[in-house]
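Here's a quick briefing to read alongside the model. Keep the viewer open and follow along by topic.

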Amino acid sequence: MCAVKDPTSLESGCTIIPENRWKKDPLFSCCCNLFIKDILDLRPYPSGSQECVFVYKNHPIRWVTTMGIIVKAEEKAKFHIYAVDDGTGVISCVCWKPKEDFNLRSNGEDGAQSLIERMENWHLEQLSCLEIGDLVNIRGKLIIYREMKQISAFSYGKVVDPSHTLEVRGMQDQVLRYTSVYDNPLKSTEHSGIKDQGTEGIKSMEGISQEVAEKILLVSTREKYQNFHLYELETVPDIYKVCCQPCEEFINGKENGEKSPPSEQIALALKNGVKHLLEKGHIFKSKRDRGLLHLTTANKDLRDVTCRILRAECRKQEYINGCQFQHLYNNIKTRTDFQYLTHSAMRNLLNSLEEQGLVISCNNYQFLPVR
């Protein structure tokens, strides 16, 4: 039986912004510089009637910008299609050829005709000079064509960067934008413009759940847990204390004189905190024991199996330059113990192995073992 989903919240736990308040979010009216992996993961905004408006956290996104390498180029009658790779994923970008305005050509003055021709010639030169292997910067509207996301570009150009300085600096700026803007969802008071002066110190369930997730991760790292059950978390004082904070969703349900939070609040905070960790890939479910949760980077069996499979696959001729992420992930998923391993958990594990010097990441999200 499927659980009933809260219609006012997203899968990330963020509150949905009503469509009539989208314009209050600055990201709705600007090009968001997202990694291609995140662009491909975007879903349509559930509360909106407009087409091609997507959601990141609870931000409405229409336009995106990205910088990457052209890995495929194709010319059509009215446009060019470029497949752009920024190291996290590949997305198709449609760059339209200039349309000829015959009325303006026939009725315009010589000076206007000359300017139009020069602009069209410049536009065509920009398209014709782009080749496979070029670094490009593309801005445009994010659309869906045949169930695949594409960028319909309105601005594009080749980036001359032989020393890769601009590319590295651009990715550093991207990370800064994520931490300071994109990953910070709008709160209900931010997009409604209304603040309740009587609720100071009272937090939303979303905020408490995020704190619970952080505390679970902190305690697990400190105590060197490798796995745990959900019911065990309630016995940890540090985690229980976070769950017991005043919650606006439950504050009105308290009886007079009742000081302790309801058990439903504690259970929901723990459940949402674990769900957040599962989505981020910090933990994964066990196949043998449905209630058992494993710490991704602390699971020795998972690390050993991953390194062993990676070494075996990279001995094959087709993977001598690196084993593809998806191929490695599919191999690990065939093991009974890791059938519930998620993509995000696999990415976290590989990042951890790379930090430990056990694997090396290559281009196109390929990996090599350190022998």
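This is a predicted model, and the protein chain comes out at an average pLDDT of 80, with 80% of the residues scoring at least 70. The notes below start with where confidence drops, then go through the strands, the aromatic rings and a charge that sits over two rings.

**Confidence**

- Among the elements of the protein chain, helix α1 (residues 36-41) has the highest confidence, with a mean of 93, while helix α5 (residues 188-192) has the lowest, with a mean of 45.
- Residues 189-199 have a pLDDT below 50, and the model gives this stretch 10 contacts beyond near neighbours in sequence.
- Another weak spot is residues 102-106, where pLDDT stays under 50 and the model has seven contacts beyond four places in sequence.

**The β5, β8 and β9 strands**

- Strand β5 (residues 63-75) is joined to strand β8 (residues 135-145) by seven bridges, and the two run antiparallel.
- If you want a marker for that pairing, take Thr 66, which stands opposite Ile 138 in β8.
- β8 also pairs with strand β9 (residues 148-158), again antiparallel, through 10 bridges.
- Here Gly 140 has Ala 153 of β9 as its bridge partner.
- β8 and β9 make a hairpin with two residues between them, and Arg 146 in the turn has a positive phi of about 55°.

**The three-stranded sheet**

- An open sheet is built from three strands in the order β10-β12-β11, with antiparallel pairing.
- Why do β10 (227-229) and β11 (283-285) each have one side without a neighbour in the sheet? Both stand at the edges with a single partner strand, so the other side of each is left free of a sheet neighbour.
- Ignoring direction, neighbouring strands of this sheet are turned by 30° against each other on average.
- Three bridges connect β11 with β12 (residues 292-295), and these strands run antiparallel.
- Within that pairing, Ile 283 sits opposite Leu 295 in β12.

**Aromatic pairs**

- Searching the whole structure turns up eight aromatic pairs.
- For Tyr 178 and Tyr 182, the ring centres are 5.4 Å apart and the planes are at 85°, so this pair counts as edge-to-face.
- Those two tyrosines are four residues apart in helix α4 (residues 165-182), which means about one helical turn separates them.
- Buried or exposed? Tyr 178 counts as buried because its relative accessibility is 7%, and Tyr 182 is buried too, at 5%.
- Phe 325 and Tyr 329 give a stacked pair, because their planes are at 5°, with ring centres 6.1 Å apart.
- This second pair lies in helix α12 (residues 325-333), again with four residues, about one turn of the helix, from one to the other.
- Phe 325 and Tyr 329 are both buried.
- Ring pairs also tie Phe 35, Tyr 56, Tyr 178 and Tyr 182 together into a cluster, so the edge-to-face tyrosines belong to a wider set of linked rings.

**Arg 62 over two rings**

- Which rings does Arg 62 sit over? One is Phe 28, where Arg 62 lies over the face at 3.8 Å from the ring centre.
- The other is Trp 63, with the charged end of Arg 62 over the ring, 4.2 Å from its centre.

Note on methods. Residues are numbered from 1 along each chain as its sequence is written. This is a predicted model: local features need pLDDT of at least 70, side-chain atom pairs count only at pLDDT 80 or more; totals for chains, interfaces and linings use all residues. Side-chain values use heavy atoms; hydrogens and water are left out. Two strands pair if DSSP finds at least two bridges between them. Axes are lines fitted to C-alpha atoms, for helices over the stretch in contact, and angles run from 0 to 180 degrees between N-to-C directions. pLDDT is the predictor's confidence in each residue, from 0 to 100. Contact means heavy atoms within 4.5 Å. Rings of Phe, Tyr and Trp (its six-membered ring) pair if their centres lie within 6.5 Å; planes under 30 degrees apart count as stacked, over 60 as edge-to-face and the rest as tilted. Buried means under 20% relative accessible area, exposed over 50%, partly exposed in between (1.4 Å probe, protein chains only). A charge sits over a ring if NZ of Lys or CZ of Arg is within 6 Å of the ring centre and within 35 degrees of the ring normal.
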